[in-house]
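Me: Please take a close look at the salt bridges in this structure, and tell me which parts of the chain they link and how buried their partners are.

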Amino acid sequence: MKTRKNRWLIALAGVGIHISIGSVYAWSVFTTPLQTELGWSLSNVSFTFSLAILFLGLSAAFMGHFVEAKGPRVSGLVSTVFFASGMALAGLAVQIESLMLLYFGYGVLGGIGLGIGYITPVSTLVKWFPDRRGMATGLAIMGFGFAAMLASPAMEWLIVNVSIAGTFYILAVIYFVVMIASSLYLERPPEGYKPEGVNLDEKVTARKDAVQLTANEAIKTRRFYFLWLMLFLNVTCGIAILAVASPMAQEIVGLSAGAAALMVGIMGVFNGGGRLVWASISDYIGRPNLYSMFFIIQIALFLLLPSVSHALLFQVMLFVIISCYGGGFSAIPAYIGDIFGTKQLGAIHGYILTAWAAAGLVGPFISSTVYEATQSYTLTLYIFGALFIAALIISIMIRSDIKKIETAAKIKAENKESEKLIKPGAEVQ
C-alpha cells in the first residue's frame with residue numbers, strides 16, 4: 001500500500017516554493033547597484049520588476065490548466081527551471097551588460113516561473129486542507145509576503161562582498177535546490193481524501209463543495225467577475241499605498257526619511273503576517289464575511305488617513321491596511337474553492353490573478369497621476385476610499401449567488417436522501 005504523505009509537510013513544501021519566488025519583492029535591492037555599476041536609468045532597472053509581475057499574471061492565467069493537468073510535482077519542477085534559469089541569465093546579463101537579456105531572463109523567464117510557482121502549491125493545499133482552506137493557503141502565501149524580509153539582507157551582503165552577477169548566480173543555485181526539494185514532495189491527495197477525525201458536514205467552512213466547475217465554466221458565471229473585481233480593487237489600493245508609503249508618511253505626519261524607511265520595513269511584516277492571520281480567520285467567519293470586513297475597515301481608514309496628525313496612529317492605520325492587502329491574496333484561493341469547487345482550482349486561480357497584473361498598473365498610475373495634479377495625497381486617499389465602497393457593494397452582491405448555490409446543493413442532497421429511503425421495487429405513496 002502506498003504511504004500517504006503528511007499534509008503538514010506538503011504545506012511546508014508549498015512555503016519553500018513561495019519563499020523562493022517571493023524574493024521578487026526584494027528587487028529594489030538591485031536598483032541602485034545596477035544604476036551605479038552599469039549606468040542604467042532608474043526606469044530601465046524598474047521595468048525589470050514590472051515585466052516580472054506582468055508575466056507572473058499572464059503565466060498564472062495561461063498555465064493554470066497545465067498545473068491541473070500535470071499535477072503539482074511537474075508544475076513545481078517547471079516553475080523551478082524557469083525561475084532559476086531566469087536568475088542565472090540575469091547574472092549573465094549583468095556580466096555582459098545587456099539590458100535586453102536582463103529583461104528576458106529575470107522579467108520573462110523568471111516571471112513565468114513566478115506565475116506557475118505561485119498557483120502550484122496553492123491549488124494543492126486547498127485539496128489537502130478541506131477543513132482549513134484559509135489557514136493552509138495563507139501559510140504558503142505568507143511565505144511569498146515574508147520572502148523579501150529574508151532575501152533583502154542576504155542580497156545586500158552578497159552584492160557588496162561578491163558582485164551583482166555573482167549574487168544572481170548564487171541565488172539561482174540556492175532557489176533551484178530549495179524549489180526542487182519542495183516540488184518533489186508535492187502531490188495531490190488521494191481521490192476523496194478527508195483528514196482523519198474531521199466531519200466535513202459539521203462546519204460551514206469545511207463542508208463538502210456544493211459545486212465542482214471547470215475553469216471554462218467558472219468564467220461564464222457572474223460570481224467569477226465579482227471575485228475578480230474584489231481582488232482587483234483590494235490590490236489596486238494596497239499596491240498604490242505600498243508604492244508611496246514613505247513619501248506619504250513624510251508629507252502627512254512629518255516622519256523623517258529614516259523613520260519612514262523603518263515603517264516600510266514593518267509594513268512588510270504586516271503584509272506577510274496578514275496573509276496567514278486573515279486567511280485563518282476566514283475559516284471561522286467565512287470568506288464572504290472576511291472580504292466585507294476588509295472593505296469596511298479600509299473605507300474607514302482611507303477616509304480618516306488625510307486628517308490624522310499623530311505619527312504613531314497614522315502608521316498603525318497603514319499597517320492594518322497592508323495586512324488587509326496581504327489577506328486579500330491569501331483568502332482568495334479558499335474563496336474560489338468555496339464557490340467553484342476544487343476540480344480546477346489552479347486554473348481558476350490563474351484567471352483571477354490577472355486582477356493582480358491589472359492592479360499593479362492601475363494603482364500606482366492613479367496615485368502618481370493624482371499627486372502630480374494636486375501635489376497632495378489627500379485626494380488619492382479619498383478616491384481609494386470610494387473604490388472600497390464599490391468593493392463592499394460587490395461583496396454584498398456576491399452573497400446572493402452563494403446563497404443560490406447553497407440552496408441548490410441542499411435540495412440536491414435532500415433528493416438523494418429521499419431516494420435512499422425508497423427501497424427498490426417499493427411503491428411511492
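Reply: What follows goes through the salt bridges one pair at a time.

The model is a predicted one, and the count of salt bridges in it comes to five. One of them joins K127 to E68, whose closest N and O atoms are 3.1 Å apart. K127 belongs to helix α6 (residues 99–128) and E68 to helix α4 (residues 64–70), so this pair ties together parts that are 59 residues apart in sequence. K127 counts as buried because its relative accessible area, 17%, is under 20%, and E68 is likewise buried, at 11%.

Another salt bridge brings the side chains of R222 and D401 together, with an N to O distance of 2.5 Å. Here R222 sits in helix α10 and D401 in helix α16 (residues 378–421), so the parts that are tied together lie 179 residues apart in sequence. The two partners fall into separate classes of exposure, since R222 is partly exposed with a relative accessible area of 42%, whereas D401, at 11%, is buried.

A further salt bridge is formed by the side chains of R287 and D338, at 2.8 Å from N to O. R287 is in helix α12 (residues 287–304) and D338 in helix α13 (residues 311–340), and the pair therefore ties together parts that are 51 residues apart in sequence. R287 is buried, with a relative accessibility of 1%, and D338 is buried as well, with a relative accessible area of 17%. These two residues also belong to a network of salt bridges that links D283, R287 and D338.

Note on methods: Residues numbered from 1 in each chain as written. Predicted model: local features only at pLDDT ≥ 70, side-chain atom pairs only at ≥ 80, totals over all residues. Heavy atoms only, no water. Salt bridge = Lys/Arg side-chain N within 4 Å of Asp/Glu carboxyl O. Helix = DSSP H or I, 4+ residues; strand = E, 2+ residues; numbered from the N terminus. Buried < 20%, exposed > 50% of the residue type's maximum accessible area, 1.4 Å probe, protein only.
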